[in-house]
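Visitor: Could you take me closely through one part of this model, the aromatic rings and what surrounds them? I would like the wider setting before the detail.

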Amino acid sequence: MDKPYAVRVLSRACVLSAVLAFASWAQEETDAALDGATADTAVAEVQTITVTGSRIPRSPDFVQTNPVVSVNAEDFRQSGNVKITDYLKELPALTGSIGSNAAGGSNAAIGLAGLNLLDLRNLGFDRTLVLVDGKRHVGSVAGTGAVDVESIPVALIERIDIQTGGVSAVYGADAVSGVVNFVMKRDFEGLDVRTQFGQSSEGDADTALASIVGGRNFLGGRLNLAGAYEYSKSDRLSAYDRSFAGGGERRFLVNNPADFQPDDDPNVPDRVPLSDIRYNDSARDGYVLTFDPDFNFLGDFSGRGQVWDPGLAIPDSFFQQGGDGTSLDDYIGDLTPEVERHTLSSFLTFDVTDRIRLTGDLKYAQSESFTEGQPSFDFFLPIEQDNPFIPQSVVDATGPEDFIFVSRDHFDLGVRQDDIERDTFRGVLGLEAQITDAMQLETSLVYGRTKIDSVAINNRYNDRFAAALDSVIDPATGQPTCRSNLDPDAVPFSLSDQGWDVYEPLPGTWAGSFMPGPDSGCVPFSPFAEADGLAAAAPWLMTNSLTTYRLEQTVVTAAITGTTFNWFVPDNSEMAYAFGVEHRVEESRGNPPIEDQRGLTFGNVIQPDSGRYDVSEFFFEFEVPLLENLPFAERVSVEAAMRFSDYNTIGRTRTWKGGASWAPVSDVTFRATRAKATRAPNIGELFDPGGQTFRSIADPCAAVNLNNGTSFRAANCFELLSSLGVEDPANFVDEASSFLPGVSRGNRDLQEEDAFSTTIGVVLTPEFVPGLSVALDWYDIEIENAVFAPQGAEIARQCVDAPTLDNQFCPLITREAGTATITDFQEIPVNVARFTTRGYDLSVQYRIDPADWGIRREIGRFDLRLIGNKLENLTFFSLPGAEPDSVKGEGQIDSAFGEAPEWQAQFDLRWYYRRVTLGYGFSYFDETFRFTKETLAGNPDITEPRFHEFKAKFVQDLYAQYTLAGGLSVFAGVNNLADVQPDLGEVFYPVSGVGRFFFAGLEYRL
């Protein structure tokens, strides 16, 4: 019988360990014999470091085969940010990351407010592996391994390494697009205290940061203890605080009222910029519609009884300009969330003997995020004729058999607020042992736990709202009361009509959160006119709902590294190797409140979820110099790595990497890698039990959208609509509500993703230009069998943009027979997609020391750094045979990717002169398309050409620091010096909505 996979892996590890140990011993014996080694033989120590992307110690001047971009602690400190992601987003490779703007207000997904997640190469934060000192970190998002990097104390960061591709064989799954490794300060001795405060030029968006780091050596330097405390706070910024967002000056590109479909004039833009855009089907005061018994339209009113002001109609949309509708600006909420964070850390390094070292890390991070988003809302609420709050004008316009409906945005009941506390604990225990002079053992145990308490403030009880809405006059008092207070068996008309039957009612009643009757506490609610402040019914209608999550991670690793005899270059070098085993367990549990589980509240029905997986792995890598110190071969080396994994969910996987470097002369090194990576489906993708969700879906088959897709869309829509009984498919009008209910759940049949990456580059370090290093690398990443979890709008598009309707997306969309209106959808992850990306990375670092040029006059030192990227390709294939969706050069468009500029750059110039440091920097990316390429090809007149693209991003920063006597420094700076604002209709693209920002602080180092 075959041995279990894990047993065979361990057996192979033991055999390889014995072979390499013998080789190492043999090499020592050979060296001793050749050199006549004696006890007093002088041995020159060679300093080595551990670099990101390898477990093999390297010399400091080693050029890696994989391109790595590094930023150090000073780079971040001088940026003035208190959140590391807001700084890292400026680097070309991490532009698509989720920072402050995307984590607040209506931009933040439920439960994700305040999170900061890294997205390398625009391939998703689930495909970006975040490490701390080369070790995994517990996740911060339920069901995933995504790490909130703000839980990593910035005061202890030494540098951050960003590496593309080729590292899955070294670090395991999830490193599909690459790895971001936070290298922390070790063996710290001294004291470092820092305080910093910042504020925008508008006098808001305040930030504060305070940290203290201390460390000391004991026992003659054998023991080092270090500890740190860090505090940071960022104030929330409301959209109403910026004129371009919620201040009434925001302009949108909307359908041109002068260019109605289907009579499209190619000489007139389809969309034009207009201000004061509002919803045409709801209002803060209520939008009242009346119909006769045969549903003939009688008239419409505002909630205060005046005739409804429709403003200027925006064709084929849910919008109007001016009038009585709710402003789109009111739905933004916050531009940035409020985040307060405390982090406690400690480090221990203890040399037990000259050959054995113990290390230990402990960290506790606590953060609280708060943000305001959107209110609850309803469309076409039916109102009984005996409702006492109906305006007199509406009463006069209707009869007892007529129907009255109200659509309303309930701002007076309070907008939804998310108050989320995250507690992260992480402990690392390590043992390093020098087995022989040429072989080392490193073992580690990593345990991490994240606990999340997510409170949804102003979560509405639907059954109570229905009861409060169904108001009548109490004959005993002559005052309004809830009908259910008088008649517990009276089912509100609105319940059956709205379809609010998703919750589990209490026995004998239609209600779920209360018992109807005179003691229910029901307070009548008027949907007509917006109350001043909270409505009297709000305390009974609204609740604060607590959802808890718990994520746990355990990783056990044992690795042996060393060097052995090199048959290729026996006189000058050694072959380096590393091999080991690892076992990892990931768990995630979520427990939503009972009212959400039973569907009693406004929004999504959420079920408890839990999942777990474990993986056992064996890995090895080696690096072999082939030639050294020869003409046109200063150094030629090859390296390889492989990892075998066995998951309890998907079975066995294998990843590998091969690389080579060639330095014809010491100034030039050519390098290349080819690697295969895998990503196992995460817990959420596999085990999410499902829950209700709501999405806004613009029907791709609507006449106005037919030309906005692939070449297959028109024919597919004609076939689909005709099969459902639509008489004129070519002129189909989308009549669905702006928000549709659907279901989101996991898929236990998912398999792993496979990614293949290639890098080719050159590194220049010319001796005739001291201090200059230039690296230019080409990268190519292709992900096959990718897990694709499209949202409702994307599902609808993929269904009809595929070559045929026989695909995996069409069954996920439900349309009503006869009208073809979308009524339901399912969001389920599937293994169908393929992603490709390709481009060039440029890294230039130049330290200009006048002394190197023979200049004796002291004028200081200059440090220059340029990091650039040219994106050649970023393409998504939804299905085999489907047309490619190329998003290179696109901006904030609803797609599987974020923004993807073609050209990007970050530049820093610093001048160090005695006690003074001055810095200048800018971040740039070029214009990005506002619309997809398919839309522009099908509708070249969609807007004026000047609106086809978002403007380029060009943000400049200044920094100054002066060091006083005794280790005290004072510093100040300004970000976004020119106060660049977001583009037309946007609130944080291509730049943040915060605007010009000043910061200053003190630092003391001892």
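Visitor: To set the scene, what does the accessible surface of the protein come to, and what percentage of it belongs to carbon and sulfur atoms?

Guide: The accessible surface (Shrake-Rupley method, 1.4 Å probe, with only the protein chains shown counting as cover for residues) comes to about 41300 Å², and 56% of it belongs to carbon and sulfur atoms. This is a predicted model, in which local features need pLDDT of at least 70 and side-chain atom pairs count only at pLDDT 80 or more, while totals for chains, interfaces and linings use all residues. Residues are numbered from 1 along each chain as its sequence is written, and side-chain values use heavy atoms, leaving out hydrogens and water.

Turning to the rings, the whole structure holds 35 aromatic pairs, meaning rings of Phe, Tyr and Trp (its six-membered ring) with centres within 6.5 Å, stacked if the planes are under 30 degrees apart, edge-to-face if over 60 and tilted otherwise. One of them joins Phe377 and Phe602 edge-to-face, at 5.1 Å centre to centre with 80° between the planes. These partners are 225 residues apart, Phe377 in strand E22 (a DSSP run of E, at least two residues, numbered from the N terminus) and Phe602 in the loop between helix H10 (a run of H or I, at least four) and strand E30. Phe377 is buried at 13% relative accessible area, whereas Phe602, at 24%, is partly exposed; buried means under 20%, exposed over 50%, and partly exposed in between. Ring pairs link both into a cluster with Tyr279, Phe319, Tyr331, Phe379 and Phe411. Over the Phe411 ring sits the charged end of Arg284, 3.9 Å from the centre, the criterion being NZ of Lys or CZ of Arg within 6 Å of the ring centre and within 35 degrees of the ring normal.

Technical notes: Buried < 20%, exposed > 50% of the residue type's maximum accessible area, 1.4 Å probe, protein only.
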